[in-house]
Structure formats: structure tokens, C-alpha cells
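User: Hi! Could you walk me through this structure? I'm new to this, so plain words please.

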Number of protein chains: 4
Amino acid sequence: MMKIGIVGGTGYTGAELLRLLATHPEADVQVITSRSENGKAVSELYPGLRGKMDIAFTEPDDEVLSRCDLVFFATPNGIAMQSVPALLDKGVKVIDLAADFRLSNPADWKQWYGVDHACPELLDEAVYGLPEMNREAIRQARLVANPGCYPTATQLGLLPLVRNDLVEGHVIVDAKSGVSGAGRGAKVASLMCEVSESFKAYGVAGHRHLPEIRQGLSRMSARFNGELVFVPHLTPMIRGIHATTYATVKDRSVDVQGLFEETFANEPFVDVMPAGSLPETRSVKACNQCRIAVYRPQGGDTVVILSVIDNLVKGAAGQAIQNMNIMFGLDEKAGLDVSAMMP
Amino acid sequence: MMKIGIVGGTGYTGAELLRLLATHPEADVQVITSRSENGKAVSELYPGLRGKMDIAFTEPDDEVLSRCDLVFFATPNGIAMQSVPALLDKGVKVIDLAADFRLSNPADWKQWYGVDHACPELLDEAVYGLPEMNREAIRQARLVANPGCYPTATQLGLLPLVRNDLVEGHVIVDAKSGVSGAGRGAKVASLMCEVSESFKAYGVAGHRHLPEIRQGLSRMSARFNGELVFVPHLTPMIRGIHATTYATVKDRSVDVQGLFEETFANEPFVDVMPAGSLPETRSVKACNQCRIAVYRPQGGDTVVILSVIDNLVKGAAGQAIQNMNIMFGLDEKAGLDVSAMMP
Amino acid sequence: MMKIGIVGGTGYTGAELLRLLATHPEADVQVITSRSENGKAVSELYPGLRGKMDIAFTEPDDEVLSRCDLVFFATPNGIAMQSVPALLDKGVKVIDLAADFRLSNPADWKQWYGVDHACPELLDEAVYGLPEMNREAIRQARLVANPGCYPTATQLGLLPLVRNDLVEGHVIVDAKSGVSGAGRGAKVASLMCEVSESFKAYGVAGHRHLPEIRQGLSRMSARFNGELVFVPHLTPMIRGIHATTYATVKDRSVDVQGLFEETFANEPFVDVMPAGSLPETRSVKACNQCRIAVYRPQGGDTVVILSVIDNLVKGAAGQAIQNMNIMFGLDEKAGLDVSAMMP
Amino acid sequence: MMKIGIVGGTGYTGAELLRLLATHPEADVQVITSRSENGKAVSELYPGLRGKMDIAFTEPDDEVLSRCDLVFFATPNGIAMQSVPALLDKGVKVIDLAADFRLSNPADWKQWYGVDHACPELLDEAVYGLPEMNREAIRQARLVANPGCYPTATQLGLLPLVRNDLVEGHVIVDAKSGVSGAGRGAKVASLMCEVSESFKAYGVAGHRHLPEIRQGLSRMSARFNGELVFVPHLTPMIRGIHATTYATVKDRSVDVQGLFEETFANEPFVDVMPAGSLPETRSVKACNQCRIAVYRPQGGDTVVILSVIDNLVKGAAGQAIQNMNIMFGLDEKAGLDVSAMMP
């Protein structure tokens, strides 16, 4: 069994790691840290884990963490970069679920996250953990930057078109997320009475996932022009992301449906649905799948891509475990081969 | 007091007409028809009206309806057109909340609604009841076609740009609606277990509100090129529409915020919010307001318009009463001057 | 117009006072205080009030408040009692929506709220503002203690039985509340991700509304034995309280339905529904009504009373305005004569 | 691998069987019947099963079903009893998830379900499938009647007290269920706009689960007096049952917490929480657990039992699989050893 550590396990991403790892055949969570909940059993905070995960939160301790094979960071942005270099030095592999290692340019990090990067020398080494783009690099990686939730849904939806240089003009990404994406922090803006039975956009002027998506698309094709409008919306549900992406194709004769099916034919966690499908976020609830449908309305030159994921699974903890499986040579689906919860 | 009739009052639009008319100072609902609920008190179906609206559903009867000053049709599409000519002949004014008189071209009606129009000769006379575009015509009208919910939110959001010929290329409307837009029909697809805690697009290949929006934009400016992509989405909430509209402006120097504020300065039911605002659908819940915010992200040439309405009020019953007020020379705000319900 | 002040207007109760007073024909809100939001327009915090209530929050100032005819306290428990004596001295009437003046015994206050009462000498004078029990006393009152939300629903449901000494043994109150009852505080326990799609009991060992209900029942009849089990539950909805009350009747021959109808025959805000009805909380959403149905299942000696209110209206702000109307000799229904919002 | 058939698989119970059986190590679903969806792939109806369960609905065919080792009936009440005798004759074991075999007295069946029972001779043989009461009988059974959802939560909560004859007087069960309990039928009463953001009681005069619970309690102790008031409520969430049960204990000196812990010490799917706990329905979402907390408020003689289950899992499909595991000598937890989904 692999020895697993989790730093910062009190948030929803940490809880989802625990839920998924509890049934993973090869992983044993040995340590989970939290300064605020130090000493409390994880099942006290998350009663759904009673009897499944009988460990308690502890203070972060580098000595203890360094005995793990792999450490997940499920911390707020800017924390992991303080501790990762020392862990790597001791031979521990790391998957960071925050943003610390997602942007390869330290200037971009400073612009969007407001502080200098603590270990810019690692940014080149860190592998962006989107297996559908970088599987081979992940296999060799010591340090994986787990993608953001919106970027996962968006990049998977655009990959077939951008990689093949089929897009011209700007791309519009109108994305909708459930409220768990805002985390478990005690904020008025996340109260049920504030967000239930309402819908709104946010981050219209500029959201931190914009540079991450733009970087990803540029890596798919050097010819991508970088023009991207990204508008996220808060949706009155707990889990789920639905990205509706609008791109203008250079050539109306392309068989878009066929192209998508071919691109993802061998991907265990990307499901291109039959033409005419309407993917619902609940069709991926609690599972690691991304489901995609693609349209060209009225035969025009606008392609509409609908892609859905569970933001806490394929958008966070599930994808992190998928990356772990790849890094350690396990079956990529280990611990993740379950169906969506419906209804 | 004006004598009011409602045909087809068992759905959500009919119920909302009843709720709003119950406190209208000049309107007296004298008849409400329903074949299926004939004889039942409206307060039995809608206990929230107990003590406020003490009439019962009756079979439709042209003789009875012809004694009204105004008849609202809150029927499924294709019903009103069967009865409207006879009522107009008897001097009754009509507001149709369905689609029967929205498209002025009978061929468009047939293409999108699947049957021949029963009274194409009335299509030219029918006034499209969006007061912010057609107030004077509504004042003179015998027959008003109350706009669809999506078209109301979308057209109000695009009016300042399109009327001034500031848009080039295609317009993208990514719209989100609460579930009440699907009506009170007993359909599996509207069950709580099917739509709560999930989000999905629908009608991507072509939705009936597309030709209505296109016709409206063409009337704002003969130079509008008609290129429009419209993707509606089903949102897990009861009420509310949020339209996120993306348009490319010809000229980046335009003061978009100022243009919007000026356009709607005297409109009682359109609220242009301060720059940087993020309108929530709950800020218009149960009231007739449309709230709009406008952005030009990263200073690019894409303008993003966020417009919200309550689909049952400004998107249906409230706008119908606003039209009634205009048609009968009443204060346009009569019965509609209330605040949104928050939380 | 009456000059109204509101102390502590940033919570949901304060917001609901603003929403309702915005359309009250005789009330003019002249001052609303908040230390944390001092200087901010109320419509910035509550965009649903844009154009309806154009005042800003100010620091609490006794001088300013003393110029009001009536001051509502919508503050946390224990605040009003600090300021009320001075206001009363200056001839200002006060309605406290918190618990400060609900319990007439200062020892009870200390036991359940943990601090000494700041003005125990006022507890006898303060009138418990449940109009259906105390209308005449409210008419004469300088100081009204607005009842809690659970106590309102529970006492109205038990009034006919207890007043007539028909109950024996203990009473069981199984009450369910929407999440707005927990207020607008930034607490993890009120996050949408914590409370949506889940249901739980709380306060089983002892809830502050227990002594309030017990005191109320004892006032209805000196013979009430005080045996009461009260279990509140948190329900995944924003507004609404449903109290299910179980009482053993001494005499099975009583016409319970008739007794309830007779008791509330002249009450404008209590609606005894026909036998066999199942009151839904949405049938009172956004309105000041209490709806009640009563059963004696299988003809046994247990009476089951179902009573519903909107916790923010009849359970807080609406009942406060009803009390205001009574105190100032206005039509008791002024500003409150609206229908429930359905759906 | 065991060969499994499912009759009537289009409802939520059938879908949950499919979701759970898809990961069961010993079960192979070979046939699933539906007259209405004959020929359609199950993954078309439930896209969450795409890639996990690649079979299609077929017309019911006794010949095909008789080749199974076990057939689950997930049909409406009154269907299974038509087909079960023939299947048993052919050596097929049966678990009925409907009510057909739950009441051992055919007169009770007729009274509560309105028709004569088709095979009253099987009622004595049928084993009531609550493993915590009947594990040994289930092990030997050919025919298991899977308990109702409310009866499961209620009986598990009352088992320690009733079995030990600690209850006197009547028992009150105030139960709350998510909307999935009403099934996937196209009914107005189950529409999101009808049930979301509202709460109501139903079946107060008499619900079909009342005789089932009464029968169960009578089997726990011949001295149970049968006095039971059962009031179910509809809660605005998809999954979950919370039963709040009030019982008067004969003897206040009993260590209720200890009694509950001891009773269920070896039960894999019943979790007695520490004293003072407040079980949430989400703590059992998507898993087969029942969690229970027990209180004696203010040291009185009323015991309050809080028990929660997922109505589709421990209240239906999960318990059916637990019964299957017992009937076939498998590990009782096979296919069911997962954590709850939180949030």
C-alpha cells in the first residue's frame, strides 16, 4: 500500500480526497493535517466517513510528511509553494490541488495571485496534471500541478479544435459552477440564503482561471491567438461545472462530432456523447467523468461545446487521484471506477 | 374597476397574473377559465390566494368573456389564435401571453410552431408588447403579443447597442432559466429529482425564442445582420432568467456604461446597475424589474451584457400587466410597484 | 406619515422590514443603523431594494433615533435591552424583534441567554406581541416584545386547545425551519454546501424557544402543566416554518375542527384550512399569514396540528408591522395585505 | 458471478439497483425489464451509467427471468405478486422492493392497498427483509419482502426500546423524506416548482407505512400495545429520510445511550452516534448506513430518537442488495462498503 499524506484536509477538496481514497485499493492515508482542527477525528468533521477513515487531523509536520510516498496539498493558494521544495528533496512526490504550480511564468503568478512565487525554479519542472494532454509527462513527474475546475472542463472541450488549429477569432467560455467551488470558508456570499434560488455571474472583469486556460490552449497549438473571454457563473447547486464554449471554426466542412469522438476514443474519463445529446452535470456527480456534446447550430460557423464535470472530482480530487495512479504506475482507474449518483 | 378575464389560468403564468392582479387598484378579475379545473376555487389550487381571490375556474364561454374589458390568454401556444378574432370583434382588448402573435411572418410561425396560423390577418396589427421598444404602439393596441421570457431579457440587454448599430459579427446569447419556465405540466423532465442539483443546456440546435429575438433585433436596426447563436440552459431554481450576451463592438471608444444608462434613464422597470455590478436573479424575484450590468473584459472588443428578470413577472405576467396599464391609460406601475423578495 | 427607525438592519429580519415598509402607506423609514455597514446604501447590500428605499446605513445615534415615532430593534439578542429604556423615556415606542423582552422572568432570561438582564424592571411592562392573544394590551403598549418564529407557529396552533383546557399529558412540538432562521451570519453551518440537500434536528437537549413557548401556553391556561418536548429541525429551504404539534385530548368528543375555526374566525392573519388540508410553507411565503390544519388520526386521542408561517414575516418582520399597526391605531392589515408567492 | 434480473427498472429504485450492482464484485445484471422503455439502453435513460452498465431494457419474459439466480422486483405495488409464484417454482429467488409481501395478513393488504392479494399463501413464507431483525430467516429465504423506507428508519430507531419492553403509551413518529421517495412518475405534485422551497406533511390521516411499522413493532415485542401516530412530511431535497421518534419510557433510570450502542454493536450498517450528536441525512447519502442518535430532553420520560437513512439505499436498493448478500452467503457488505457523499 502507498503511504499518503494530505495537507489541509478540512475543505471540500480534502474531504473528497478522503472519500475517494477510502475505497482505493492501493492507497493508505496515513496523515492528514489541519492547524485549526488538530486532534479532531476526520469523521467528527465529516460524519459520512465514520467507520471508513479512522484518523485524526494533526499539525503539519515535515518529518511525518516526509515518510509518505505522496503528499496531496489541498490548501489555499500560496501555501504549498512554501513546503514543496523540502518534500521533493526528501524524495516525496507531490500533487498540489491549489494553483501554486499551474502557471509556468512566475510573472503571471504574481499578477493574478498578488505575491511573489516562493520557488519559481520549480515551475518548469512541475507538470500540469491534465492526463488527456500530458499523460507521459505525468508518469515521470515528481511534482504535479492539478488543474483548476473550470480549466479542466474548458480545455477538454476545446482540445480537439485547438490542437488541430480549427479555431479562428476569439473563444467565448460561459461557465457555470456549483457552490462547492467557493470552498468551505465561512463567507456570507456562500450562505444558502444568499446563493440558493438565485443565479449570477462573477469575475467578469478577470478570473484567475483565465490565464490558466489561455496557457493551456497555447500549449495545444502555438497558433492559438490567445483571444479568450471567460465568464464564470454561480449556480444554485452543490456540485458540478457546465462549460458552454463558443468557437468559430475556419472550415464548416469539418466533421466535428467525428473529430471529438476520435480524439477521446481511448480516454477512460472523457465521454463524447452521441450527436444531439445534452449533458447534465448530474450525469457526472460524484464520479471522475467528463461528458461532452458538440453542436454547430443552424449549420453556421459557430461550434458550441457543452462539457460537464463534477468540480470536486474530475475538477479536483478525482483528477488528483488519476494523476497519482499514473505517477505510480497503477491502473489509471483504480479507486475511480464508479457510476454517477442519479438522482 | 376594469373587468378582467383570464383564459387558461391553471399554469404558473396564470397563477402569477392572479397574484399580481389581487392587489391591482384598478383591476377586477371576473372570470378565469380552465376546462380541467372547472368548478374548483382558484384558492384550492393555489392556497396562497386564500382570502385574496375568491373566484372559481369556469369553462371557457365566449359570451362571458365578451363582457370583459380585457382578456389575458395564459394558454399553451396555438390556443389564443382560435378565439382572439371573435373577442376583438366584440370590442374586447386582448393580451396573449403565449407565442401566437409574436412572429409577424406567418411562415415563421408555421416553421417554429408546426401548424398554420389561424388568423394571419391579425399578425400585422398585433403589437409586440415590449414597452421599452413599443410603448406608443401598445397604447393604441387592441391586441398585444406579450414577449417571451428569454426574448425580454435578451432584447433589453441588446437594445442600446443594436439600436445604435454598434454591433458587428454574430451575437452570442447564453441564457439561463429557472424551472418554472417549463410550466406546470406533469413531465418527468420537470420533476425535482430530475432538475434539482443539476444544470444542463437544451434547445441548442434551435429554440422557438431564437426567431423572436432575431425579429426584435432586426426591428431595432435594419442593419442588424441577423447572426445570432442562442443557447438556453435549465437552472436548478424556481424563478429567474439570467441572459449573458456577448457582442463584438465596432468601436472600442464607445462609453458603453453611459450608453446603457442613458437609454433606460426614464424606464420604470429597467435598472442599469453601476459599473462593476453583478446582477443576481434574486434581486428581481417576484417583481417586474429588469436589472442590467455591462462589461468590456480586459478592454477588448467583446461587450458582455448581464441582464436578469423574473421569468414569471417581467418575463410574463408582470409585463402583461404593464402592457394592460399602458393600453388603458393607467399609471404604468400600478400593481407592480413592489420590491424583490430577498432572501 | 409615521417616522420609523430600525436598529440593526443588515440581517434578514431587517431586510424584510425594509421590503415590507417600502410599500406601507403610513410608514416612512427615516433611519437605519449598522456599525459594520455605516455609510453604505441599503440598496447596495440588498439590490432588490434599488429604487424603493433610498437611504443609507448610519451609526446608531440616540439623538437621531429619539426623533422617531417608533424604533424596531432587529439586533442580536442582548442589544436592545441596552438602549430601550432611554428611548422609552423620550417617548419613542419600541418593538424588539429579538428575545430581550420575551421572557417575563429575569431568571429565565439569565438561564437561557447567559447574561443578566439590563433592565429587568421593564419586563413586566413589555407586552408579548402575539396579536391573537394580546391585541388589547398591544394597543396600549410602549414596548412590544415580538415573538420568536417557532413560538408564533406553535402557540397559534395550540391556542384553541390549551385555552380551553383540552390537553392532558405532555405536548410534543416537532418543528421545521428554513435556513433564514439562522440569520445572515458568516457561519460554516449555514453554507449552502452544508445545509442544502440535507435535513437534521438541532437543539434537541434544549432550545431558547422552549421557555418562550412554555410561558405562552401557561398564560393561555393556568392549568397547563408545562410538559413540553420541543425539537426544531433545519430544512433545506430559505423561508418557512412548519410546526407539527402532537397533543393528547382529554375528550374525544370535541369538534376540534369547529373549535379551531371558531377561535380564529375574526383573525385577519390566521387561516384555519378545511378539514383534510395539508398546509405547505410556500402557501404563506412572503406574506403574514399563518395557515393551520388539524387532525385526529384514526379517531384516537392524539390531535395533530399542522401550522405554517413564513419565519421572516409572521415569524418576525410582518408580525412586527402588524404590532405597529395595532399600537398606532392603523388598519391592522396595512402594508401586509398581499398574497403568498407561488411557486 | 450471480445472474441477476430486475423487473421494472426505470424508476429511481431500479436505477439505484443498477448503480450499486455495477460495482458489485459477484453480481451480473443480465436482464432488466420495462414495457415502456423496451429496447432502449439503460444508459440512455440514465447517462450516469454510460460505460458502466451496457444493457438495454427488454419486455418482461418469464422464460428469460427464470434463468436468473435472483430477481429483484422494483415495480409499483401489486405487480410482483402476479409473477412471483411462477419464478419461485422455477427455483429463482426473489426480493420484492414493493409492498406486496410486507404485510403478513392478507386482510391488511386489502385494507391498505385496495385489492385482493394474488398469492396470500406466500405471505407466511415471505421474510421481512430487515437484516437487523431477521438475519437468520433471510439467510434461508426464497422470497424476501424488502422493507419500506420509513419503516426501515423507524424500526431501527425503536428496536432497542421496544424489544426490551421499555415503552409505554403511544409512540409518535414524525418522519421527513426527500422527494425521490415519491418516485419518477410524471406528477404535478413532484415537480420542482411544487416541492422545492416548501415543506408539508402528507398522509396524516393514514399512510400505508403505518401498518407495516405497527406489524414490525409487534414482532419485536408481543407486549407492544400498537398505539402509534405516524406523520410523514415531504422535504425539499432529493434523497434522505429523517425519522424523529418520541416514546415514553417506563423507567427513567435506563441507560438509553448504552442500550442503543449495545444493540447495534455488531451491525455493519447501523451506526449509533456519540451522545449529543445530530445526524444529518447527508451523512448517509448514497450509502447503506443508518445513523442514530438518542436523547432524553431535560431528563424527562420522553426519549427522542433521531434516525437517518438514504431512502434509495438503506431504504430500498441498498438494503435489497444487503439481503441478496445474506441470501447467497456473500460478505454482507459486498458492493456496499462506500462512504457517504459529502457535500
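User: How much area is buried between chain A and chain C, and what percentage do carbon and sulfur atoms give?
Analyst: About 1600 Å² is buried between chain A and chain C, and carbon and sulfur atoms give 74% of that. Buried area is the accessible area (1.4 Å probe) that two parts lose on being put together, summed over both. A word on the basics: this is a predicted model, where local features need pLDDT of at least 70 and side-chain atom pairs count only at pLDDT 80 or more, while totals for chains, interfaces and linings use all residues. Residues are numbered from 1 along each chain as its sequence is written, chains are lettered from A and ligands numbered from 1 in the order in which they are written, and side-chain values use heavy atoms, with hydrogens and water left out.

User: Which three residues of chain A supply the most of the area it buries against chain C?
Analyst: Leu191(A), Met192(A) and Cys193(A) do, with 41% of the area that chain A buries there.

User: And how many residues are in contact between chain A and chain C?
Analyst: 20 residues of chain A are in contact with 20 residues of chain C. Contact means heavy atoms within 4.5 Å.

User: How many salt bridges are there across that interface?
Analyst: The rule finds two between chain A and chain C. A salt bridge is a side-chain nitrogen of Lys or Arg within 4 Å of a carboxyl oxygen of Asp or Glu. Glu194(C) pairs with Arg184(A), the closest N and O atoms being 3.6 Å apart. Arg184(C) forms a salt bridge with Glu194(A), where the closest N and O atoms are also 3.6 Å apart. Arg184(C) lies in the loop between β8 and α8 of chain C and Glu194(A) in helix α8 of chain A, so this pair joins two chains. Those labels come from DSSP runs, numbered from the N terminus: helices are H or I with at least four residues, and strands are E with at least two.

User: OK, what about chains A and B? How many residues are in contact there?
Analyst: 43 residues of chain A touch 43 residues of chain B. The area buried between chain A and chain B is about 3600 Å², with 59% from carbon and sulfur atoms.

User: How many salt bridges does that pair have?
Analyst: Four are counted between chain A and chain B. One salt bridge joins the side chains of Arg282(A) and Glu194(B), at 2.6 Å from N to O.

User: Which element gives the largest share of chain A's side there?
Analyst: That is β8(A), which gives five residues to the side of chain A that touches chain B.

User: New topic: how do helices α7 and α10 of chain C cross?
Analyst: Their axes come within 10 Å and cross at roughly 110 degrees. Axes are lines fitted to C-alpha atoms, for helices over the stretch in contact, and angles run from 0 to 180 degrees between N-to-C directions. Angles under 35 degrees count as roughly parallel, over 145 as roughly antiparallel, 65 to 115 as roughly perpendicular and the rest as oblique. Therefore α7(C) and α10(C) are roughly perpendicular to each other.

User: Which peptide bond of chain B is cis?
Analyst: The one from Met342(B) to Pro343(B) is cis, with omega near -5 degrees. Pro343(B) sits in the segment after α11 of chain B. In chain D, the bond from Met342(D) to Pro343(D) is cis too, with omega near -5 degrees. Most peptide bonds are trans.

User: Last one: where is Gln298(A)?
Analyst: Gln298(A) lies in the loop between β13 and β14 of chain A. Its phi is near 50 degrees, a positive value in a residue other than glycine.
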